[in-house]
Amino acid sequence: MAEIFFRTLPFFAIIGLGYWAGRSRFFTEDATAYLTRFVFYFPLSAMIFGFAANLSFAEVFDPTLILGYLAGTLAVYLLVTAVAVIRGLDVPTAAVEAQCAAIGNVGFLGLPMMAILFGPASAAPMMVVLSVDLVVFSSLIVILINAGRGQGLGLATLKLVGLGLLKNPMILSIVAGLAWSASALPIPEPANDFLTILGGAATPGALFAIGASLASKSAERVQVAGWLSFAKLVLHPACVALAVLWLIPAAPFSAAVAIAAASLPVAGNVYMLAQHYGVAPHRASAAIFISTVVSIVTVPAVIAWVS
């Protein structure tokens, strides 16, 4: 575990540097927002396209891994939802809490970290994890919030979900990369250099943006945030491990990467959705902060176990 800890430490050190920049106001909230937007639409998209363009559709469409990861994530999603219902929360708030427990920071933190720790072969299972998160659970929270507000599963809700998927640059990058791979055409050298240079900014930019955004996160509702962080950092990887190792066994390497991905802290886009809909943004904010800090220890522990 010590070796894995020291290998992951640079990632968290860059997050810490970003946190200092945001906390000291060297990086303002506006600057952080623009940096996040830049990384999300450009370097991260270039990196994902580069990964996907070197994969076949068969490598990404792994039904066993898809079903296993989906089953494990759905288990923790339903568990946290049940706890929220027992506590008397309404449907939109329960949906936000369940989202905190199920959606990790796969794009900004997971992709670059797993590529270094597990090698380029981790790209295919990470694409599976990212696709399930974006297509299934990012759609589910929109549906549940609208249903909880009495809007139901009407045309407007379905249109909102569909547009959200079509406009997501990570989904577009995966699809475009797989389409290029299917064409069997080599990427021209200037284009490959362009992707390499631009994609190279994804890792430091994304990690720095995570840290800078944490500086503006509140630490309110600590007890609830602590429970959600425990669900994300411990229960989520445990449920995924049970699913991909025993319930729906996947290939050992793919299973290991999926479990490691499930151990990642709460994703920042959960807060963005909570803030956009005005549903429990403070507890989502606190869950992101606490889970990210604690993950300095828990993520290396999980990766060391699966390794």
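The buried residues of helix α14 are Ser254, Ala255, Ala256, Val257, Ala258, Ile259, Ala260, Ala261 and Ala262, and in this predicted model they offer a convenient place to begin. Because nine of the 11 residues of α14 are buried, the helix is largely enclosed by the rest of the structure. The elements against which those buried residues pack are α5, α7, α8, α13 (residues 222-247) and α16 (residues 281-306), and several of these helices return in the paragraphs below.

One residue that meets α14 is Val129, whose place is in helix α8. Val129 counts as buried because its relative accessibility is 0%, where the cut-off for a buried residue is under 20%. Leaving aside neighbours within four places in sequence, Val129 is in contact with Ala258 and Ala261, and also with Tyr69 and Val106. Ala258 and Ala261 are both among the buried residues of α14. As a further reference for distance, the C-alpha atoms of Val129 and Ala58 are separated by 15 Å, and these two residues stand 71 places apart along the chain.

From here the view can be widened to the nonpolar core. As a general matter, nonpolar side chains in soluble globular proteins tend to be buried together. The largest nonpolar core in this model has 93 residues, of which Met113, Phe118 and Ile303 touch the most other members. Helix α8, which spans residues 123-148, contributes the largest share of this core, namely 13 residues. For Met113, if residues up to four places away in sequence are not counted, the residues touched are Thr8, Phe11, Phe12, Val299 and Ile303, so that Met113 is in contact with Ile303, another of the three residues that touch the most other core members.

Aromatic rings give a second way of tracing how separate stretches of the chain come together, and the structure holds nine aromatic pairs. In one of them, Tyr77 and Phe137, the ring centres are 5.4 Å apart and the planes stand at 40 degrees, so the pair is classed as tilted. Since Tyr77 lies in helix α5 (residues 63-86) and Phe137 in helix α8, this pair ties together parts that are 60 residues apart in sequence. Both Tyr77 and Phe137 are buried. A further pair is formed by Phe118 and Phe253, whose ring centres are 6.1 Å apart with planes at 80 degrees, so that it counts as edge-to-face. This pair links distant parts of the chain, with Phe118 in helix α7 and Phe253 in helix α14 (residues 252-262), 135 residues apart. Its two partners fall into separate accessibility classes: Phe118 is buried, with a relative accessible area of 17%, whereas Phe253 is partly exposed at 34%.

What space is left between these elements? The structure holds one cavity of 30 Å³ or more, and the largest cavity contains about 30 Å³ of space. The residues that line it are Phe51, Leu111, Ala115, Pro120, Ser122, Ala123 and Met126, with α7 (residues 106-118) and α8 each supplying at least two of them. By class, this lining has six nonpolar residues, one polar residue and no charged residue.

Turning from the cavity to the pockets, the second largest pocket holds about 300 Å³ of space. It is lined by 13 residues, of which Val60, Ile66, Ser131, Val132 and Val135 are the closest to its centre. Three helices, α4 (residues 57-60), α8 and α10 (residues 169-183), each supply at least two lining residues, and α8 gives the most, with five. The lining has 12 nonpolar residues, one polar residue and no charged residue.

Two loop residues deserve a closing look for their backbone geometry. Arg25, found in the loop between α1 (residues 2-23) and α2 (residues 29-41), has a positive phi of about 70 degrees although it is not a glycine. Ala280, found in the loop between α15 (residues 268-277) and α16, likewise has a positive phi, of about 50 degrees, without being a glycine. As for their surroundings, Arg25 counts as exposed because its relative accessibility is 51%, while Ala280, at 16%, counts as buried.

Terms used:
Residues numbered from 1 in each chain as written. Heavy atoms only, no water. Core = buried A, V, L, I, M, F, W, Y, C linked by side-chain atoms within 4.5 Å. Buried < 20%, exposed > 50% of the residue type's maximum accessible area, 1.4 Å probe, protein only. Helix = DSSP H or I, 4+ residues; strand = E, 2+ residues; numbered from the N terminus. Contact = heavy atoms within 4.5 Å. 1 Å grid on protein atoms, 1.4 Å probe; cavity = no way out; pocket = protein on both sides within 12 Å on 5 of 7 lines; lining within 4 Å. Points joined across faces, edges and corners; volume = space filled by probe spheres on them. Nonpolar A, V, L, I, M, F, W, Y, C, P; charged D, E, K, R; others polar. Phe/Tyr/Trp six-rings, centres within 6.5 Å; stacked < 30°, edge-to-face > 60°.
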